[in-house]
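Me: I would like to go through a few of the labels given to residues in this structure and ask what each one rests on.
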Amino acid sequence: MTLLEVESVSKSFRGLRAVDDVSFTVEEGSILGIIGPNGAGKTTLFNLVAGALPPDTGSVRLAGTDVTGAKPHRISHAGMARTFQLMKPFGSLSVLENVAVARMAAGASRRRAPAEAADVVDRVGLTRWRDARSEGLPTAGLKRLELARALASRPRVLLLDEVLAGLVPAERTPVMELLETLRRDDGITLVFVEHIMAAVMRLSDSVLVLDQGRVLTSGEPHQVTQDPRVIEAYLGEEPTVAGP
Amino acid sequence: MTATAEREAAAAPLPRPAWGRHLVAVAVLAVVLVPLPLVLPAAQQSVAVRVLVFAILAIGWNVMSGFGGMFSFGHAAYFGLGAYVSVWLLVERGISPWIGMLVGMVVAGAFAALIGFLALRYRLKGAYFALATFAFAEMLRLIAINSDLVNRAVGYNVPLRSEPSWAYMQFEPGSANYFWIALALTVVALVVTILFLRSRQGRFTVAVRDDEDAAAALGIPVMRTKLITIALSGAITSVAGTFYVQYYFFVDPDVAFGNSVSIQAILPAVIGGVATIWGPVIGAAVLGPLNDVTATVLRNPPPALDFLQGRAGLDVVLYALLLILIVLLLPQGVYGAIRDRVQRRRAGRRPA
């Protein structure tokens, strides 16, 4: 079943077309990787899909329901969660409280939220930091917190904006493993923006390449990364693309 | 301090929010303060009542501007509505100020939500938001001055009753009942604030303050959360207005809606500690007497300061200097500074 359908969405900022006629669909239970050089419009695309920005044109359908231009909290209630590339913790709250707020926002009662949140905190590996003030966390912790909060809303589809960026290789593996279990055990559909090609190759069922706001190409990971246009768009921009 | 050490210090465990302990502290405070009017001389008793009025004002302001993060420079609007709605109902309709207080809360809460909606609808933030709140308070002042409905600039005197009456919140001058009522209202305001903050809605308020985009993405309705916070804030502050009129028997547009009222809502919270439960109360306890002390000192200065005698306005200067000193020395407020010190000592004692 097609869970997410994005049809020719566009967005301009003062004449600059940040996202230009982008379409894609995501099947339930699959993983879509989105790659592209910096400034290709990846984060803007996420903002359009998740309701943080209204698209100028085009439509977004979630599980068959039109959510184009809906407020972010409505889209969240409809089953979509997202993380932010620039982490946005509720800084005055502890890690556990951050996640508990997310549980409550998704409908859990105040009594049950902390216990349910604690499970999520354990799952993303933040147990050690559970009672720490969130704004003091190191980058790796904040990335995990983004993930934990998004998971706490129990989404059907999860948009991940560079959850691996800023992590050292040893920190990436457990996160990638977690993402795989989310799909396998929880049936969560994943759409993720990532620069780290090893992760894209390992996780994605299909890959969408953006360049200057447009879809350059899409398809299976191996096929896409050998496309000469993709290599050209990335040349000198992201050496990681040529890596293993 | 190295970067790592700094990070580890910042990530030290937060104390779990101790709502229960806060509620117990409120109860203890109430019990301790009840006998106060029996021991205080009459002059000091009026200072104590003023402290409580300041506290209620600031507790209300702190809900919106401290915990909600939306800086208000116009809380005179809600204080004034609490004052005018209740006194109008009393004088024109003979309705008890207790009922007037409830009606005033509803009116102030609704008006606060309306102001909030307009300001947020047009995406005003920071200083512009504060200016908008100031403008609405000023607008109410001008409407009151120019409206026959509320006696224009003359305002209202509370009609004197032949006998003291609980139903009409009127007692003989200097009665301890005034203090007890103000104390009860302060306790209720504190308890409501604590219960609100620990509720789902209150958690949403703090989350929205900390990061609006993240809150929205997680399913929190940002606008509704802010409006609920603002309405509660306005309703609490209006209670101070209703009580004020009954205590001083008088209100006019400047007393109710003047911008000095807005400042008096801000100062105790800033002095005591913004976005802390006890900050407004502690700040009020510092400011209420301070005002009095500076005025007294300059009216009857000790011999060393004799040269200050009779210079008009100097008490205000001294008051302002003391405020500046407090803000400079305790940027987190009195409560914030004490809390940090206690936490640091606890952290130091814990084995590494």
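Me: Where does L330(B) lie, and why is L330(B) called partly exposed?

Reply: In this predicted model, L330(B) lies in the loop of chain B between α15 (314-329) and α16 (333-349). Its relative accessibility is 31%, and since partly exposed covers the range between under 20% and over 50%, L330(B) counts as partly exposed.

Me: What makes L330(B) part of a nonpolar patch on the surface?

Reply: A patch takes residues with over 30% relative accessible area and no salt bridge, and nonpolar side chains are joined within 5 Å; L330(B), at 31%, is over that cut-off. L330(B) forms the patch with V317(B), L321(B), I324(B), L325(B), L328(B) and L329(B), and together they have about 680 Å² of accessible area.

Me: How do you know whether H22(B) is buried or exposed?

Reply: H22(B), which lies in helix α2 (residues 19-33) of chain B, has a relative accessibility of 17%; because buried means under 20%, H22(B) counts as buried. Leaving aside neighbours within four places in sequence, H22(B) is in contact with I194(B), I277(B), W278(B) and Y335(B).

Me: Why is K125(B) called exposed?

Reply: K125(B) is placed in the loop between α6 (97-121) and α7 (126-146) of chain B, and its relative accessibility is 53%. Exposed means over 50%, so K125(B) counts as exposed. Together with K71(A), R121(B) and R123(B), K125(B) forms a positive surface patch.

Key. Residues are numbered from 1 along each chain as its sequence is written. Chains are lettered from A and ligands numbered from 1 in the order in which they are written. This is a predicted model: local features need pLDDT of at least 70, side-chain atom pairs count only at pLDDT 80 or more; totals for chains, interfaces and linings use all residues. Side-chain values use heavy atoms; hydrogens and water are left out. Patches are made of residues with over 30% relative accessible area and no salt bridge: like charges are joined within 9 Å, nonpolar side chains (Val, Leu, Ile, Met, Phe, Trp, Tyr) within 5 Å. Accessible areas come from the Shrake-Rupley method with a 1.4 Å probe; for residues, only the protein chains shown count as cover. A salt bridge is a side-chain nitrogen of Lys or Arg within 4 Å of a carboxyl oxygen of Asp or Glu. Lys and Arg count as positive and Asp and Glu as negative; His and the chain ends are not counted. The place of a charge is taken as NZ of Lys, CZ of Arg, CG of Asp or CD of Glu. Helices (H or I, at least four residues) and strands (E, at least two) are DSSP runs, numbered from the N terminus. Buried means under 20% relative accessible area, exposed over 50%, partly exposed in between (1.4 Å probe, protein chains only). Contact means heavy atoms within 4.5 Å.
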